[in-house]
Amino acid sequence: MSKVATDDYLAENEYYLLEEESEIRHEYMDGELFTMAGATRKHNLISSNISTELSLKLRETDCELYAGDFLVNLRAGHDVYPDIAVACGEIETNENETVLFNPVVVFEVLSKSTEQRDRGDKAEDYFKLKSLKDYVLVSQKRIRVEHFSKQKNNVWTLKIYEKLDDIVDLKSLNCEISIELIYLKLKLPPMSLVEEKSQSAKKR
């Protein structure tokens with residue numbers, strides 16, 4: 001993800017018009033555009049695994065899953081493309097149904113180009129989004145899933161999963177997804193092995 005150099009401030013309604021016609025996806029924050037980079041094989045497999053599992057579990061509910069190409073408005077002036085978003089009940093969109101306003105769950109698969117924003121200004125606005133109950137960050141380098149869940153009084157708690165037999169409990173969707181299924185077909189090192197290699201490299 002890279003910032004697009006622009007001479008003039010781009011209003012949000014102008015951004016929406018631009019995005020409908022553009023062949024390249026951009027995220028938008030306070031007048032600035034960020035070009036979306038292409039995804040790796042690991043990124044695509046992880047996103048597909050999560051989408052497949054959640055789609056099966058939610059197919060007979062009032063929830064809808066959107067993967068990758070559906071724009072989400074976090075606040076006035078901040079629009080993003082999460083890897084996976086789930087909305088339930090009455091779906092709130094703009095008139096053209098190109099922007100979602102009330103996701104309940106969001107998954108982001110971390111990459112070099114997006115991790116800083118996923119943990120920074122995106123996370124800050126996700127945590128303020130009234131509808132959102134779960135924000136999940138998934139590493140594609142190693143087995144590690146960070147699950148932020150909203151509690152009472154808008155307090156967020158964090159659970160970290162680093163074992164294949166761990167289970168992510170999405171209470172807002174009344175379903176679970178296993179870490180093993182998230183990383184299906186991928187051979188990634190556990191966190192302990194990554195740390196051991198790091199310590200070994202430092203000793204050298």
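Helices are DSSP runs of H or I with at least four residues, numbered from the N terminus. Glu12 is found in one of them, helix H1, which covers residues 12–21. The structure is a predicted model. This briefing covers two buried polar residues, the largest pocket, several salt bridges and two residues with positive phi.

**Glu12: a buried acid**

- Glu12 is buried, yet it has no salt bridge.
- The nearest side chain of opposite charge belongs to Arg75, 7.2 Å away. A salt bridge needs a side-chain nitrogen of Lys or Arg within 4 Å of a carboxyl oxygen, so a pair at that distance does not count.
- Glu12 does have polar partners. Its side chain makes a polar contact of 3.2 Å with the side chain of Asn73.
- A polar atom of the Glu12 side chain also lies 3.0 Å from the backbone nitrogen of Gly77.
- Leaving aside residues up to four places away in sequence, Glu12 touches Tyr28, Asn73, Arg75, Ala76, Gly77, His78 and Asp79.
- Both polar partners, Asn73 and Gly77, are thus found among the residues that Glu12 touches.

**Ser139: a buried loop residue**

- Ser139 sits in the loop between strand E10 (134–138) and strand E11 (145–150).
- Its relative accessible area is 8%, so Ser139 is buried. The cut-off for buried is under 20%.
- A polar atom of the Ser139 side chain lies 3.1 Å from the backbone nitrogen of Lys141.
- Beyond four places in sequence, Ser139 touches Ile46, Arg144 and Tyr183.

**The largest pocket**

- The largest pocket holds about 580 Å³ of space.
- Its lining is made up of 36 residues.
- Ala39, His43, Asp83, Val109 and Ser111 lie nearest the centre of the pocket.
- Three elements each supply at least two residues of the lining: helix H2 (41–58), strand E9 (105–109) and helix H3 (115–119).
- H2 gives the largest share, five residues.

**Salt bridges: the count and a pair within H2**

- The model has 15 salt bridges.
- Glu53 and Lys57 form one of them, at 3.5 Å from N to O.
- Both residues lie in helix H2, four residues apart, which is about one turn of the helix.
- Glu53 has 16% relative accessibility and therefore counts as buried.
- Lys57 is partly exposed, because its relative accessible area is 38%. Partly exposed covers the range between under 20% and over 50%.

**Salt bridges: Lys122, Asp121 and their network**

- Lys122 pairs with Glu108 in a salt bridge, with the closest N and O atoms 3.7 Å apart.
- Lys122 belongs to helix H4 (residues 121–126) and Glu108 to strand E9, so this pair ties together parts that are 14 residues apart in sequence.
- Lys122 has a relative accessible area of 1%, so this lysine is buried.
- Glu108 has a relative accessible area of 2%, so this glutamate is buried too.
- Asp121 forms a salt bridge with Arg117, and the closest N and O atoms are 2.9 Å apart.
- Which of these two is buried, and which is partly exposed? Arg117 is buried, with a relative accessible area of 8%. Asp121 is partly exposed, with a relative accessible area of 24%.
- These four residues belong to a network of salt bridges that links Glu27, Glu108, Arg117, Asp118, Asp121 and Lys122.

**Positive phi outside glycine**

- Glu97 is not a glycine, yet it has a positive phi of about 55 degrees.
- Glu97 is placed in the loop between strand E7 (84–88) and strand E8 (99–100).
- Glu97 is exposed, because its relative accessible area is 59%. The cut-off for exposed is over 50%.
- Asn153 is not a glycine either, and its phi is positive at about 60 degrees.
- Asn153 is found in the loop between E11 and strand E12 (156–161).
- Asn153 reaches 75% relative accessibility and so counts as exposed.

Key:
Residues are numbered from 1 along each chain as its sequence is written. This is a predicted model: local features need pLDDT of at least 70, side-chain atom pairs count only at pLDDT 80 or more; totals for chains, interfaces and linings use all residues. Side-chain values use heavy atoms; hydrogens and water are left out. Buried means under 20% relative accessible area, exposed over 50%, partly exposed in between (1.4 Å probe, protein chains only). Lys and Arg count as positive and Asp and Glu as negative; His and the chain ends are not counted. A polar contact is a pair of N or O atoms within 3.5 Å; within protein, one must be able to donate a hydrogen and the other to accept it, and residues adjacent in sequence count only if both atoms are side-chain atoms. Contact means heavy atoms within 4.5 Å. On a 1 Å grid over the protein atoms alone, a cavity is a set of points where a 1.4 Å probe fits but cannot get out, and a pocket is an open set with protein on both sides within 12 Å along at least five of seven lines; lining residues have an atom within 4 Å of a point. Grid points are joined across faces, edges and corners, and a volume is the space filled by probe spheres set on the points.
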